[in-house]
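Q: Please take a close look at one part of this model and explain it in plain terms. I am a first-year student, so give the cut-offs behind each term.

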Amino acid sequence: MAGVLQPVLAGVVTALVGFASSFTVVLAGLRAVGATETQAASGLLAVCVVSGASAVWLGLRHRLPMSVAWSTPGAALLVATGPVTGGWPAAVGAFVVSGLLVVAAGLFPPLSRAVAAIPKPIAGAMLAGVLLPLCTAPVRALVEVPALAGPVVVVWLLLHRFARRWAVPGALAVAVVAIAATAPSGRLGDTRLWPVFDPTSPAWSLPALAGLAVPLFLVTMAAQNVPGMAVLTGYGYRPPFGSALRTTGLASVAAAPVGGHAVNLAAITAALAAGPDAHPDPERRWIASVTAGVGLALLGLGAGVATTLVLLSPPVLIEAVAGLALLGALATALTAAVAEPEAREAAVVTFVVTAAGVTLLGIGGAFWGLLAGGAMLLLFRIPGRPGPQPPVPSPPRPSSSVPAPPGPSSSVPSPVGPSSSVSSPVGPSSAGRPAGTGSRQDRSREREVPAERAGDRSPENACGAARTDGAPGG
């Protein structure tokens, strides 16, 4: 019994943290692309149910702790994109196409490898540009509604310092209390306790497909599925990537007509179910992911209450809670964006264009940011650029400030005579000779020359410079 209780409790914690940390992002995203109150609640319920069902199926089938959740970066993308051409039905059509692309990636490994081959700085910069507008919401909330936002931010800071796992749920609890205390009398009594599925017939438009479906697919793959696999691999598991993509892709397609935007392998909360805190025995941790799936599906039944609370609050306050939940993801994305010096400028272009939130030809900024960064990377990348070479010992440089030691040869060439361009066969100098050539005695004498005479060009210094210049991020 004790061996089952620990992973079950870990699964309950995973479900609670996953739901409370980012359901506000989902509701804000669905509302941003045109969903009504009922449609947003239906979408939240849908992603909860299909995420839970997918986690249960994968856990029981493979006996691995494969946690599944909605795409939080995908929901942030909806906020950044805003209304699409064709309205809510076109957004639903984009959700369907995004899910089908995930299924295709699971059926055709070259497609998933192509997504994984997108340069990490470009993918990270696009994600950072998508997250930035929401992550600035806490600052705006402190200015616009300081009495409500102040306690939320303070609680988040304290819990982030002492109990990081509960920082966002704690901030959300404070926000709920503030909303209930300031809501107009009688509004809470109108709360719909049981959400219902509200189906919408999908519509298709080229701007919605290019500006929402494709970026949603890329963000879900690059920011959720690939990192989720990395988390499981880091704990020693070998999860079947194709099976996970097919399952979550089909789940996304099923949830789309009732408002669900995307589900995927969990990346943020995956460690709660796959780590040693879930169970000392790695073979028993799948119980935690299955429990988390069941818990998430049950928490979806509170989507109606959650949606009503969101509607009763100032919009900037809910966005502030969502922004606090995404600060860690923003930090990770920015780190990936600037990690490679040769791609840093292209990543900055991607970030700036995406964060600008411009819409051109009905297509949102994420698509144009990815296009602009990729084009700049291709334009300025030098083909066939050689990699770092091992340092080669260099001959001493001529120096006017340090006199040459006595000997038959001097490092300063003689102004007269044919020997001025040919080094003497004896002595520590080898001017005019390629580095690394000459007799053993010559090279031995070169090592005896003081470092200051060599202009700090010793092999040890050269190696140190190579390591410093080549280290990522400085």
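A: The answer starts with the whole chain and then turns to one helix and its surroundings.

This is a predicted model, in which local features need pLDDT of at least 70 and side-chain atom pairs count only at pLDDT 80 or more, while totals for chains, interfaces and linings use all residues. Residues are numbered from 1 along each chain as its sequence is written, and side-chain values use heavy atoms, with hydrogens and water left out.

The protein chain has 19 helices and 2 strands. Both are DSSP runs, numbered from the N terminus: helices are H or I over at least four residues, and strands are E over at least two. Of the 474 residues of the protein chain, 46% are buried. Buried means under 20% relative accessible area, exposed means over 50%, and partly exposed lies in between (1.4 Å probe, protein chains only). The protein chain exposes about 22,200 Å², and 67% of this comes from carbon and sulfur atoms. Such areas come from the Shrake-Rupley method with a 1.4 Å probe, and for residues only the protein chains shown count as cover. Two residues are in contact when heavy atoms lie within 4.5 Å. Among contacts between residues at least 6 apart in sequence, 80% join residues at least 24 apart.

The part to examine is helix α2, which covers residues 37-62 and includes S54. S54 counts as buried because its relative accessible area is 4%. A polar atom of the S54 side chain lies 2.8 Å from the backbone oxygen of V50. For reference, a polar contact is a pair of N or O atoms within 3.5 Å; within protein, one must be able to donate a hydrogen and the other to accept it, and residues adjacent in sequence count only if both atoms are side-chain atoms. Leaving out residues up to four places away in sequence, S54 touches V68, T247 and A251.

One of these partners, T247, belongs to helix α11 (residues 241-255). T247 has 14% relative accessibility, so T247 is buried. Apart from its neighbours within four places in sequence, T247 is in contact with S54, W57 and L58.

Next comes V26, in helix α1 (residues 2-32). V26 is buried because its relative accessible area is 1%. The C-alpha atoms of V26 and A41 are 9.6 Å apart, and these residues are separated by 15 places along the chain. With residues up to four places away in sequence not counted, V26 touches L44, W70, A75 and H261.

After α2 the chain reaches R63, which sits in the loop between α2 and β1 (68-70). The phi of R63 is near 55°, a positive value in a residue other than glycine. R63 is partly exposed, because its relative accessible area is 43%.

Cysteines are the last topic. A disulfide is a covalent bond between the sulfur atoms of two cysteines. By the cut-off used here, the two sulfur atoms must be within 2.5 Å, and the structure holds 0 disulfides. C48 is buried, because its relative accessible area is 0%. C135 has 8% relative accessibility, so C135 is buried as well.
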